[in-house]
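Me: Let's go through this model in short turns. I ask, you reason to a value or a name.

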Protein chains: 2
Amino acid sequence: MSQAVGVKVDRLDAIRSHLYANGFSTIQALADAIGASLATVRRDLQILEQEGAIDRVHGGARIAEGSSVEVAFQEREKRHLSAKRAIATAAYDLLHPRTAIFLDAGTTVLQLARLVRINPMPLRIFTNGLTVAQEFLNIPNLEVVLLGGQLRSENASLVGPQAEAMLETLWFDQLFLGASAISADGAIYSVDSAEASLNRRMLARSANRFVLADSSKFGTTATYKVAPLDNAKVITDSGLSRHWRDELVNFGVDATIADLRAKE
Amino acid sequence: MSQAVGVKVDRLDAIRSHLYANGFSTIQALADAIGASLATVRRDLQILEQEGAIDRVHGGARIAEGSSVEVAFQEREKRHLSAKRAIATAAYDLLHPRTAIFLDAGTTVLQLARLVRINPMPLRIFTNGLTVAQEFLNIPNLEVVLLGGQLRSENASLVGPQAEAMLETLWFDQLFLGASAISADGAIYSVDSAEASLNRRMLARSANRFVLADSSKFGTTATYKVAPLDNAKVITDSGLSRHWRDELVNFGVDATIADLRAKE
DNA sequence: TTTCAAATGATCAATGTCAATCAATTTTAT
DNA sequence: ATAAAATTGATTGACATTGATCATTTGAAA
């Protein structure tokens, strides 16, 4: 039925279309449908795979499953993973059943979300993180509310005036905030302007504020300032330098240092 | 009934699906259903067991205990998949670059989202579906806004007063709405009260309204009424009965019928 | 417990698929 | 018009998958 498709862009479109319609196709079938050689189809599939549009499997290809797009995010999630887990465990111990908590959209906070999923307790959870919310699908005794707003692809968070407006109507017992960086002068920084603004609103709407930041974040900076550290208590890991431990005392910041070697 | 399935990924899907439908199956039955040898089915089952999707027992295999919740959603997504894809393709042709559209949180609408991801155009997209939003991560030229609200686990949607309040501040060129059921008297129904209420607000805030419903939905009912069909145009598939085609004319509903066999 | 048929996993030959290479062709730049 | 670059299709050796065979294990009946 299909005609030969001679130009590359058309071919790629045709492959996308064919794969979308059929869900899966062998390379031979694609070659027949398009009128190109097997070698060319393979090359095209390589390109489409790099675009993330399709998944290649032995014998053919199919349209990509949804969440495979978050490769960059997943890589970031794995960095300093043991530190993040230790921090998350310390944070988990601070939770009280039947309270309202806000979970920020960071990779460290995501570890806390995982802990709550594995070890559930009745909570009202608010978040602006898509991945955080996803952790709580089908977990009983949780009331999960996601902030509305504009989707920020970098960390799958929701930001913007709509998110801030929604925050104004809410109040939390505990806030667990991530941080892109913590500067030498003791301030929390973010890489994104909208995120920084939203983080400030979170701080303003919470009774108890915790910043979850692994030790590698200390002494670095990012573009947008969120707030001074003394607005919150800090939970970090035992990799923190002597210097920074002293600094935190100087800043008058209440810090919890999670032991990296502690197994639970 | 089943055809021979020659490629590994297809087979794995077929086995998952077969086991989900029957709960348990002998290896011989799977081999017959799939058209592969016993040895191959065993190897496939090994893979699925490693994935944790199934439990193997002497003489056959069954669906793994834990994963059955997530599988349920995936299976629902795959039901009438070709119809949903055909409908989504027809809906995609209605899109105009640089307009504002709302995508409901249904499995049929999800196919439309997938199509937009694979074949992007500049759009402002609003949705109350977590999975829908996730499709659009890292897609350039899209502005994606997620409605805030309470997370409904059954279909990963956001509902409730906060979602409705946010809707009141927005206006869409096109709405693409899913439907749990379309009753004999020509009304859209939903299985959830909050979802139905929210759907009504969506309809009120959109200039052009499209209901995406595969033909199996017609003549069924669910608990909560959303709105009469004539509030919107219908996009369905060519599996629709003669009777219902006439009924749609009687109701004065503008219907688009996507051809199931059309390949492009 | 013993027995035995069915089920299982390992092995092997045959077939199918993949990535790399290269020559031929088309496209693009000069 | 010519040279350079990119694209294409065929070929090849490496690799993966499949189905049949066979020795071993398993579960249930005697």
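Me: How far does a polar side-chain atom of R43(B) lie from a base nitrogen of DNA strand D?
Reply: This is a predicted model. The pair joins the side chain of R43(B) to a base nitrogen of DNA strand D. A polar contact needs N or O atoms within 3.5 Å. The distance here is 2.4 Å.

Me: Which side chain of chain A has an N or O atom 2.4 Å from a base nitrogen of DNA strand D?
Reply: The closest residues to DNA strand D include T40(A), R11(B) and T40(B). R43(A) is also one of the closest. The side chain with an N or O atom 2.4 Å from a base nitrogen is that of R43(A).

Me: Which part of DNA strand D does S37(B) approach with a polar side-chain atom?
Reply: Of the strand D atoms within 4 Å of the protein, 63% belong to sugar or phosphate. The rest belong to bases. For S37(B), the distance is 3.1 Å, and the partner is a phosphate oxygen.

Me: Which helices each supply at least two residues of the surface near DNA strand D?
Reply: That surface divides into four nonpolar, six polar and six charged residues. Both chains contribute helices to it. They are α1 and α3 of chain A, and α1 and α3 of chain B.

Me: What percentage of the DNA strand C atoms within 4 Å of the protein belong to sugar or phosphate?
Reply: Some polar contacts on this strand go to phosphate oxygens. One is 2.2 Å from an N or O atom in the side chain of R42(A). Another is 2.8 Å from a polar backbone atom of G59(A). Over the strand C atoms within 4 Å of the protein, the sugar or phosphate share is 82%.

Me: How far is a phosphate oxygen of DNA strand C from an N or O atom in the side chain of R56(B)?
Reply: R56(B) is among the closest residues to DNA strand C. In chain B, α3 and β2 (54–57) each supply at least two residues of the surface near this strand. The R56(B) distance is 2.8 Å.

Me: Which residue stands opposite A61(A)?
Reply: A61(A) and I63(A) point one way from β3(A), while G60(A) and R62(A) point the other way. In a regular strand the side chains alternate between the two faces of the sheet. Four bridges join β2(A) to β3(A), and the two run antiparallel. Opposite A61(A) stands R56(A).

Me: Where does the positive phi in the β2(A)–β3(A) hairpin fall?
Reply: Two residues lie between the strands of this hairpin. One residue in the turn has a positive phi of about 100°. That residue is G59(A).

Me: Why are the buried residues of α2(B) on the same side?
Reply: The buried residues are I27(B), L30(B), A31(B), A33(B) and I34(B). They share a side of α2(B) because the arc they cover around the axis is only 165°.

Me: What do the buried residues of α2(B) pack against?
Reply: These residues include L30(B) and I34(B). Their partners are elements of chain B: α1, β1, α3 and β3.

Me: Is V109(B) buried or exposed?
Reply: V109(B) is found in helix α6 (residues 107–118) of chain B. Its contacts beyond four places in sequence include L103(B), F176(B) and L212(B). Buried means under 20% relative accessible area. V109(B) is at 0%, so it counts as buried.

Key:
Residues numbered from 1 in each chain as written. Chains lettered and ligands numbered in written order. Predicted model: local features only at pLDDT ≥ 70, side-chain atom pairs only at ≥ 80, totals over all residues. Heavy atoms only, no water. Buried < 20%, exposed > 50% of the residue type's maximum accessible area, 1.4 Å probe, protein only. Arc of directions from axis to C-beta. Contact = heavy atoms within 4.5 Å. Pairing = 2+ DSSP bridges. Near = heavy atom within 4 Å. Polar contact = N/O pair within 3.5 Å; in protein donor to acceptor, adjacent residues only side chain to side chain. Nonpolar A, V, L, I, M, F, W, Y, C, P; charged D, E, K, R; others polar.
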